[in-house]
Amino acid sequence: MQSGLYVVGTPIGNLADMSPRAIEVLQNVDLIAAEDTRVFGKLAAHFDIKTRRVSCHEHNERDVVPDLIEKLQNGMTVAVVSDAGMPGVSDPGFRLVRAAREAGVPVYVVPGPVAAISGLVLSGFPTDRFTFCGFLDEKKLRDDNKIPHTIIYYESPNRIMNTIAAMARIMPERKIAIVREITKIYEETIIGYPAELMTITPPRGELVVVV
């Protein structure tokens, strides 16, 4: 393998979405920087990935990155993975990539599923322009409503009904799609105006909200 940093996408639910290239890279790099080594351990066991791993998450990323960069500058191959999906998309990873770029270390991407893009496609809403706002912040909803094109959020099942109520107050004229459990058995897309969705059974699982 060429030395450098490999940004590796992993499944967001369905293990069959793991690409052969991702498996090969993770089996052959010198070190894997994982958001949660215990979560990654389950994936690693399934795909027979025995590579040494270290934690690299939002609480220790600033401290871990310099050591990883030193290893990369010494010719090691390092892969970075998040718990699910693409590292850096509302997950740790961008600081490591930025530091590698600044240090002149080669960076490669091994593409994988992204919940935000999958939710956007499933919604049937316009895809020519969209803004991804990460995890929804109700305090910013009025400003977000000024965005004229499609908006994508991540949301917690514990807050989704409050979010729908807030959208009914702030953006009642905009249709929303609640996409849950993408690629899993209970995948579902619920579409309607916020006021119409206030009486639905609270959706469970991993949620993407598209406006």
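**View 1. Phe135 counts as exposed, with a relative accessibility of 51%.** The cut-offs are simple: buried means under 20% relative accessible area, exposed means over 50%, and partly exposed is whatever falls in between (1.4 Å probe, protein chains only). Keep in mind that this is a predicted model, where local features need pLDDT of at least 70, side-chain atom pairs count only at pLDDT 80 or more, and totals for chains, interfaces and linings use all residues. Residues are numbered from 1 along each chain as its sequence is written, and side-chain values use heavy atoms, with hydrogens and water left out.

Which residue shares an edge-to-face pair with Phe135? It's Tyr154: the ring centres are 5.6 Å apart and the planes sit at 70 degrees, so the pair earns that label. The rule is that rings of Phe, Tyr and Trp (its six-membered ring) pair if their centres lie within 6.5 Å, with planes under 30 degrees apart called stacked, over 60 edge-to-face and the rest tilted. Phe135 belongs to strand S6 (residues 130–135) and Tyr154 to strand S7 (residues 150–155), so this pair ties together distant parts of the chain, 19 residues apart. Helices (H or I, at least four residues) and strands (E, at least two) are DSSP runs, numbered from the N terminus. Unlike exposed Phe135, Tyr154 is buried, at 11% relative accessible area. Phe132 joins Phe135 and Tyr154 in one aromatic cluster, and the count of aromatic pairs comes to three.

**View 2. Strand S2 (residues 31–34) pairs with two other strands, S4 and S3.** Four bridges join S2 to strand S4 (residues 77–81), and the two run parallel; pairing takes at least two DSSP bridges between the strands. Ile32 has Ala79 as its bridge partner in S4. S2 also pairs in the parallel sense with strand S3 (residues 53–55), this time over three bridges, and there Ala34 is partnered with Ser55. To get from S2 to S3, the chain passes through helix H2 (residues 37–46), making a right-handed β-α-β crossover. Right-handed here means that, with the strands pointing away from the viewer, the path from the first strand over the helix to the second runs clockwise. Look at the side chains of S2, too: Leu31 and Ala33 point one way, Ile32 and Ala34 the other, and all are buried.

**View 3. The largest nonpolar core has 31 residues.** A core like this is a set of buried Ala, Val, Leu, Ile, Met, Phe, Trp, Tyr and Cys residues joined through side-chain atoms within 4.5 Å. The residues with the most contacts inside it are Leu5, Leu68, Ile69, Leu96 and Val208. Helix H3 (residues 61–73) chips in the most, with five residues. What does Leu96 touch, if residues up to four places away in sequence aren't counted? Its list is Leu5, Glu61, Val65, Leu68, Ile69 and Val80, where a contact means heavy atoms within 4.5 Å.

**View 4. Ile69, in helix H3, counts as buried at 9% relative accessibility.** Setting aside neighbours within four places in sequence, Ile69 is in contact with Leu96, Ala99, Ala100 and Ala103. Lys42 makes a handy ruler: 27 residues from Ile69 in sequence, and 26 Å away in space, C-alpha to C-alpha.

**View 5. Helix H7 (residues 160–170) is mostly covered, with eight of its 11 residues buried.** The buried ones are Ile160, Thr163, Ile164, Ala165, Ala166, Met167, Ala168 and Ile170. Their cover includes helix H6 (141–144), S7, S8, helix H8 (194–197) and strand S10 (207–210).

**View 6. The loop between strand S8 (176–180) and strand S9 (188–192) holds Glu181.** Phi of Glu181 is near 50 degrees, a positive value in a residue other than glycine. Thr183 lies in this loop between S8 and S9 as well, and its phi, near 75 degrees, is also positive without the residue being a glycine. Buried or partly exposed? Glu181 is buried, at 15% relative accessible area, while Thr183 is partly exposed, at 22%.

**View 7. Cys56 is buried, with just 2% relative accessible area.** Cys133, by contrast, is partly exposed at 26%. The count of disulfides is zero, taking a disulfide as a pair of cysteine sulfur atoms within 2.5 Å.
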